[in-house]
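I set out to record, entry by entry, what I looked up in this structure. The topics are domains, one helix, one pocket and the cysteines.

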Amino acid sequence: GTTPVNIHGKPILSKTGGWIAAFFIFGNEMAERMAYFGLSVNMVAFMFYIMHQPFADSANAVNIFLGISQASSVLGGFLADAYLGRYWTIAIFTTIYLAGLTGITLCASMSVFLPNQEHCDQLSLLLGNCEQAKPWQMLYLNAVLYITGFGAAGIRPCVSSFGADQFDERSKDYKSHLDRFFNFFYLSVTIGAIIAFTAVVYIQMQRGWGAAFGSLAIAMGVSNLLFFIGTPLYRHRLPGGSPLTRVAQVLVGAFRKRKKPFSSSELVGLYEVPGKRSSIKGSGKIPHTDDFRCLDKAALRLKEDGDDPSPWVLCTVTQVEEVKILLKLLPIPACTIMLNIVLTEYLTLSVQQAYTLNTHMGQLKLPVTCMPVFPGISIFLLLSLYYTIFVPLSRRITGHPNGASQLQRVGIGLAVSILSVGWAALFEKYRRGYAIDHGYESIFLTPMPDLSAYWLLIQYCLIGIAEVFCIVGLLEFLYQESPDAMRSVGSAYAAVAGGLGCFAATIMNSIIKSVTGDSSKGKPSWLSQNINTGRFDYFYWFLTGLSVINFCVFIYVARRYKYR
């Protein structure tokens, strides 16, 4: 059931897959992440400076877009596992992605899609006196933005799984190759992010918004071409039919037989098809476990079931175990939602901090929108040194051949994220005090020449380290632990956690603003647009407390989890 096939569905006899095929997939993911981060760092500014939308509304709109594009990744995973296969899902949605980026480029390049830019200086922007975009102009921008997000949702859960499919499970080096693949995969994500935070920002400053968004579309087009060129090299897994249908059958079957005891005289046994192969296309048989015993009733074969029962009445043990695995996996990605909240907050809050600081590096003045590149650089350096420094050192401590297990790496990432947010709170307290003491309280967009923005590098580098340990470990964990015919859905768990993090950050910001501020009394909220009168430090401490609680929950869940 798990035999790899070619694009025509025939079992593969010739040598395919491996690292050469994986590198074509890396290129597609690099361009997709470049576009994703390019939009996330530039779209807020585009909506504010060009479309003349309020800054808070622009940030919330982009956060919602990012959240929906990630949370809806389960749709792409479902289509890949059920009907299309991972290759065709990537091929279709990457084309949709390119169409959305082309639409955004047209919006930024053609004046008909933009509001009047005359008599709109920085003061007018801050006071809200610039002519806002017409409703139909915002409708067009949001439409192409969500087309882009829809394309990303289809690609994201499939690319890492499709890349991992290129390695032979029967090889003695399979686990080693898989471990290295997910590290190199995230390295390609990081390179895409670095390009987005540097080259794309530079193009925007020198050539304008149309050229910046156009560069993302060109990169996506080139990567699509390379992905299709690699088609003869790819290994494929047959789609196993609708995973949602199989899950529903288990739940219905268990409910129907909920009152049947396991010791019933009518009991024949737990049902499984004879032979070595599973009844689920693209899946091997899964041994029975004692977890979630209530679900086993869906596989209880009774005399009354007859010789050829409906799958809505009787399910196989493998089908029941698939549902058990999906349930057992849920708490692990759920514990990474907090890290995604922190990452989302950093995209806006730390940029607001950087606007008040000196971003000069010698004679070079670094644009504020380039600041998020530093987590990417720290990830790049860590992944480059991972196998030469971290693995040998940690192997001596843990005895694990890869230095640390997948869940240990997720735990390390969550622990380091606590240090990052704690440092952010300490530095923000100092930065705010410095601004007030030196007369910058009301001029929050004026950088303080004697306070360097490079103090932010500590929190940036720590969150980069946290991200690489947590997300890479999570992706590898979900791929290896998911059922054979549900690996795209399993990988979508990570993207859904990212989307929920974006939504949670938006909701949290709204609650904090309403609870801590009172406009009628002139009391600014913790997240005031004037960062010097707000209390970002209190908010960072709040995030630190939530991160500590989340880490404790993860330790409890991880210690109870049993690997397949």
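**Entry 1. Domains.** I began with the spacing of two domains: the C-alpha centres of domain 1 and domain 2 are 40 Å apart. I note that the model is a predicted one. The assignment that I consulted divides the protein into domain 1 (1–238), domain 2 (243–321) and domain 3 (328–563).

**Entry 2. Helix H9.** I next examined helix H9, which covers residues 317–329. Does the distance between its end C-alpha atoms agree or disagree with the span expected at 1.5 Å a residue? For 13 residues the helix should span 18 Å, and I found its end C-alpha atoms 18 Å apart, so the two agree.

I then checked burial along H9. Of its 13 residues, 11 are buried, and the helix is therefore largely enclosed by the rest of the structure. I listed the buried residues of H9 by name: Val317, Thr318, Gln319, Val320, Glu321, Glu322, Val323, Lys324, Ile325, Leu326 and Leu329. Charged side chains are among them, including Glu321, Glu322 and Lys324.

**Entry 3. The largest pocket.** I looked up the volume of the largest pocket and obtained about 500 Å³ of space. Two or more lining residues come from each of helix H6 (174–207), helix H13 (406–437) and helix H14 (456–481). Which element gives the largest share of the lining? I recorded H14, with 4 residues.

I counted 19 residues in the lining, and those nearest the centre of the pocket are Tyr174, Lys175, Gln480, Glu481 and Arg564. Sorted by class, the lining holds 8 charged, 6 polar and 5 nonpolar residues. I also traced the lining to the domains: domain 1 (1–238) and domain 3 (328–563) each supply at least three residues.

**Entry 4. Cysteines.** How many disulfides does the count give? I obtained 0 disulfides. Cys158 takes part in none, and the nearest cysteine sulfur, in Cys502, is 19 Å away. I classed Cys158 as buried because its relative accessibility is 0%.

I made the corresponding check for Cys294. Why is its sulfur not bonded to the closest cysteine sulfur? That closest sulfur belongs to Cys315 and lies 13 Å away, which is too far for a bond; the cut-off for a pair is 2.5 Å. Is Cys294 buried or exposed? I entered Cys294 as exposed, because its relative accessible area is 52%, and the exposed class begins over 50%.

Definitions and conventions
Residues numbered from 1 in each chain as written. Predicted model: local features only at pLDDT ≥ 70, side-chain atom pairs only at ≥ 80, totals over all residues. Heavy atoms only, no water. 1 Å grid on protein atoms, 1.4 Å probe; cavity = no way out; pocket = protein on both sides within 12 Å on 5 of 7 lines; lining within 4 Å. Points joined across faces, edges and corners; volume = space filled by probe spheres on them. Domains from an automatic or database assignment. Expected span 1.5 Å × (residues − 1). Buried < 20%, exposed > 50% of the residue type's maximum accessible area, 1.4 Å probe, protein only.
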